[in-house]
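Dear colleague,

Please find below the structure for your consideration. My notes on it follow directly after.

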Amino acid sequence: MANSRSYDTVAFDVRENTTMLFFAKTNKEGDIDEYLLLMRTESEEFNSPIYIEMNDNQFSGHNLIQETRLTGNVLTLELCEPAAELDGASEIVLTYDETPENQANIEAGVIGVLFNTLVGGNA
């Protein structure tokens, strides 16, 4: 089972030991209605290197994501195990608007956050 989501904004950022890829669905006023945050941390303080946060619901794990595919404007995250936080979904399919800024952020973010899980697709 897949959990599919569409976003209009993609942002990439690096802060201290954390690399982040942020997806947002915004309204006409520019406020965020929905978001998904992918984070990789390289710190001994944290138990799990990859975190996913969706609308204030966070889950994480060393073996959270089995593989990642990027094809066009679709990023697919295949999870190692179905996620209770996603009603048992074993895959997260993210679609984003194909703007030059989003494309630049997705390319940097996929490499920065998901580098060891990227197995196929094209950018």
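**Helix H1 and its two sides**

Gln103 has a relative accessibility of 18% and therefore counts as buried, the cut-off being under 20%. This residue belongs to helix H1. Please bear in mind throughout that the model is predicted. The C-alpha atom of Gln103 lies 9.2 Å from that of Gly72, although 31 residues separate the two along the chain.

Gln103 is one of several buried residues of H1; the full set is Asn102, Gln103, Asn105, Ile106, Gly109, Val110, Val113 and Leu114. These residues sit on the same side of H1, because the arc they cover around the axis is only 165°. The face turned away from that buried side carries Pro100, Glu101 and Ile111, which are exposed. The length of the helix was also checked: with 15 residues at 1.5 Å a residue, H1 should span 21 Å, and the 20 Å between its end C-alpha atoms agrees with this.

**The nonpolar cores**

Which residues have the most contacts inside the largest nonpolar core? They are Phe23, Leu38, Ile52 and Leu75, in a core of 26 residues. At least two residues of this core come from each of the following elements: strand E3 (18-26), E4, strand E5 (50-54), strand E7 (65-71), strand E8 (74-83), strand E9 (89-96) and helix H1 (100-114). A second core, separate from this one, has five residues, among them Tyr35, Leu37, Met39 and Tyr51.

Leu75 deserves a closer look. Residues up to four places away in sequence being left out, Leu75 touches Leu21, Phe23, Leu38, Thr68, Arg69, Leu70, Ile92, Val93, Leu94, Ile106, Val110 and Leu114. Among these partners, Ile106, Val110 and Leu114 also appear in the list of buried residues of H1.

**Salt bridges**

The whole structure was searched for salt bridges, and five were found. One of them joins the side chains of Glu34 and Arg5, with 3.1 Å from N to O. This pair links distant parts of the chain, since Glu34 is in strand E4 (residues 32-41) and Arg5 in strand E1 (residues 2-7), 29 residues apart. Arg5 counts as buried because its relative accessibility is 18%.

Another salt bridge is formed by the side chains of Arg15 and Asp13, at 2.7 Å from N to O. Here Arg15 counts as exposed, with a relative accessibility of 55%, whereas Asp13 is partly exposed at 28%.

The side chains of Glu78 and Arg69 also meet in a salt bridge, at 3.4 Å from N to O. Glu78 is partly exposed, at 23% relative accessibility, and Arg69 is partly exposed as well, at 25%. Glu67, Arg69, Glu78 and Glu91 are joined into one network by salt bridges that share partners. Arg69 is also one of the residues that Leu75 touches.

**Thr18**

Is Thr18 buried or exposed? Thr18 counts as buried, as its relative accessibility is 18%. Its place is in strand E3. Apart from neighbours within four places in sequence, Thr18 is in contact with Asp13, Met39, Arg40 and Thr41. Of these partners, Asp13 takes part in the salt bridge with Arg15, and Met39 belongs to the second nonpolar core.

With kind regards

Note on methods: Residues are numbered from 1 along each chain as its sequence is written. This is a predicted model: local features need pLDDT of at least 70, side-chain atom pairs count only at pLDDT 80 or more; totals for chains, interfaces and linings use all residues. Side-chain values use heavy atoms; hydrogens and water are left out. A salt bridge is a side-chain nitrogen of Lys or Arg within 4 Å of a carboxyl oxygen of Asp or Glu. Helices (H or I, at least four residues) and strands (E, at least two) are DSSP runs, numbered from the N terminus. Buried means under 20% relative accessible area, exposed over 50%, partly exposed in between (1.4 Å probe, protein chains only). A nonpolar core is a set of buried Ala, Val, Leu, Ile, Met, Phe, Trp, Tyr and Cys residues joined through side-chain atoms within 4.5 Å. Contact means heavy atoms within 4.5 Å. The expected span of a helix is 1.5 Å times one less than its number of residues. The arc is that of the directions from the helix axis to the C-beta atoms.
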